[in-house]
Amino acid sequence: MSIDFFSQYTMTSDGEAVDTAQRLDVLNPATEETIAVIPRAGKEHLDAAVAAARAAFPAWAAQPMDARKEIMAAFAERMALHADELAALLTREQGKPLAAAKEEVAGGIHWARHFSTMTLPVALIDTIPGQRISVRSVPLGVVGGIVPWNFPVLLALWKIAPALVAGNTLVIKPSPFTPLTLLKLGELARGLFPAGVFNVICGGDDVGPWMTSHPGIDKISFTGSTATGRKVMESGAGNLKRLTLELGGNDAAIVMPDVDIPTVVEPLFWSAFFNCGQICVAAKRMYIHEEIYDELSQALADYAKSVRTGDGAQEGITLGPVQNRQQFARLKGMLAEARESGLRFLAGGQMPEAGKGYFFPVTIVDNPPDDAKVVTEEAFGPILPLLKFKTIDEVVARANNSEYGLGGTIWAKDTDHAQAVALRLQTGTVWINQAFGVFPEAAFGGHKQSGIGTENGLDGLREYTNTQTITLKTA
Ligand code: NAD
């Protein structure tokens, strides 16, 4: 199929291209130039997409799961055919280096392929005399997907693949900052899924709240900040929407004294700075044992000098810009406060220079107090505090002292010890000697105010279903 990935963006509703009279500009964060003008949905466009999704639901849900999986597998192959264009577009709208954009698109394709092999098991209970009981997972209805701007392709596929394979229909919305790739995914889906099954709507800040309060949407799968997650929960109460909320995090990295410093420097650095620090599970507070603090912090600061910041479309760039002006301003505010309170910097620390593009220096803060804002708040950008610790009990208590509970990492040679420490962390995921290992096979979700529910794995697939128990009297 012929699609021009770099012009003409339309929404997908009821299997058709939909445009609007109102328009929105989309900027490239590396140049601040307008790269596209996209539709801006009004309430009537959302209503039409939801109505189409409701109309398509009974027939889609009634299809055998294998038939839905076949279509999802074909969708994965269509994405694979256009992976290069999707990656180039992703770099333009999001800012990340092209190599990282390619990785993200490959991840999205992998998710679609994996979910097209999954099944929803039926539990049979025949241990109760006179009863034969089956417990199955049945689709919910219309799912509303809401996606953030840090991983616009991957995190969209985390919703699209399980929602549709499980038998729901979908209305999905990108962030207004990064709508282009998801609009193109909608275009790729046309003609493959029955009309109304897969709808993509985009617009301004009003579309999200319209979705979360919409009586025609049965579930919201939301990825974004904790502050917005609270609003989603409140607004979804009207028709008791099912909710999956993947929210913010303030992940601790714990570096034990037995690590081999030259080996861990690079992965540790990127556990905080990959995607310009704009990852829900980036290391946002790095606790380093006092015995190795000086050597490792110096090694991290030295490594920072090798980073090449710039437009992600250019060869050799390893760190792109911050994704949008609001986030850039927030980070500048955080940095100004750190400077005013006299914190020391091992790298960066200077205010970004004026010019085109939201480029922010890699900033490493030297052992700030635990109550400094750079420690207590999710920076979601390239600012990392390094903190000294002495004992395991102390570092576990400090790591757990957060309203968030998304992920965390432990770096150690003694992996048995690391696993024992992992059990004491109050987070949805703990990675040992690695960061960001997410798999469609394994559940991912936040504890505390980092979220509700899970994505991925069988647990994640089941979040797109209701449980139905059928009880037959046999005697
Ligand atoms: P955000 O909460 O500002 O926006 C997320 C999405 O929600 C966007 O599509 C936005 O348009 C929409 N939205 C905004 N206000 C809304 C409202 N009132 N009702 C419904 N929808 C609304 O988040 P962001 O700035 O795009 O993303 C960054 C945040 O996302 C960070 O806190 C990060 O940690 C978190 N995040 C979490 C995960 C995870 O899996 N837990 C993954 C990625 C990002």
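User: Is S13 buried or exposed, and what is its relative accessible area?

Analyst: The general idea is to compare the relative accessible area with a cut-off: a residue counts as buried when the value is under 20%. S13 has a relative accessible area of 10%, so S13 is buried. Please bear in mind that the model is predicted.

User: Where does S13 lie in the secondary structure, and which residues is S13 in contact with once its neighbours within four places in sequence are left aside?

Analyst: S13 belongs to strand β1, which covers residues 11-13. With neighbours within four places in sequence set aside, its contacts are V18, A48, A49 and N199.

User: Which residue is covered by the UniProt annotation "active site"?

Analyst: An annotation is taken from a record, and it is best read together with the surroundings of the residue in the model. According to the unreviewed UniProt entry, the annotation "active site" covers E246. This residue is part of strand β11, residues 242-246. Its relative accessibility is 4%, so E246 counts as buried.

User: What is E246 in contact with, apart from its neighbours within four places in sequence?

Analyst: The contacts of E246, with those neighbours left out, include F222, T223 and G224, and also L406. Further along the sequence, they include F444, G445, G446, S450, G453, T454 and E455.

User: Where is T178 found, and is T178 buried or exposed?

Analyst: A residue outside helices and strands is placed by the elements on either side of it. T178 sits in the loop between β8 (169-173) and α6 (180-189). Its relative accessible area is 0%, so T178 is buried. Beyond its neighbours within four places in sequence, T178 is in contact with E93, Q94, P148, W149, P152 and Q323.

User: How should one read the largest pocket, and what is its volume?

Analyst: One may take the volume, then the lining residues, then the elements and domains that supply them. The volume of the largest pocket is about 1,300 Å³. Its lining has 47 residues, and W149, S175, F177, S225 and T228 are those nearest the centre. Among the elements that each supply at least two lining residues are β3 (23-28), β10 (219-223) and α11 (325-340). The largest share comes from α8, with seven residues. By class, the lining has 20 nonpolar, 16 polar and eleven charged residues. Domain 1 (11-247 + 450-473) and domain 2 (252-439) each provide at least three residues of this lining.

User: What is the volume of the second largest pocket, and which residues are closest to its centre?

Analyst: The second largest pocket has a volume of about 760 Å³. It is lined by 35 residues, with E103, F151, F274, I279 and F436 closest to the centre. Two or more lining residues come from α4 (98-115) and from α5 (154-165). Of the elements, α4 gives the most, namely seven residues. The lining comprises 22 nonpolar, eight polar and five charged residues.

User: Why does the second largest pocket lie between domain 1 and domain 2?

Analyst: A pocket can be located by asking which domains its lining comes from. Both domain 1 and domain 2 give residues to the lining of the second largest pocket, so this pocket lies between them.

User: How many cavities of 30 Å³ or more does the structure hold?

Analyst: There are three such cavities. The largest cavity has a volume of about 90 Å³. It is lined by 15 residues, of which A252, R285, A399, G407 and T427 are closest to its centre. The elements giving two or more lining residues are β12 (251-255), α13 (392-400) and β17 (404-405). By class, this lining has five nonpolar, eight polar and two charged residues.

Technical notes. Residues numbered from 1 in each chain as written. Predicted model: local features only at pLDDT ≥ 70, side-chain atom pairs only at ≥ 80, totals over all residues. Heavy atoms only, no water. Helix = DSSP H or I, 4+ residues; strand = E, 2+ residues; numbered from the N terminus. Buried < 20%, exposed > 50% of the residue type's maximum accessible area, 1.4 Å probe, protein only. Contact = heavy atoms within 4.5 Å. UniProt positions renumbered as here; feature names shortened; annotations may be inferred. 1 Å grid on protein atoms, 1.4 Å probe; cavity = no way out; pocket = protein on both sides within 12 Å on 5 of 7 lines; lining within 4 Å. Points joined across faces, edges and corners; volume = space filled by probe spheres on them. Nonpolar A, V, L, I, M, F, W, Y, C, P; charged D, E, K, R; others polar. Domains from an automatic or database assignment.
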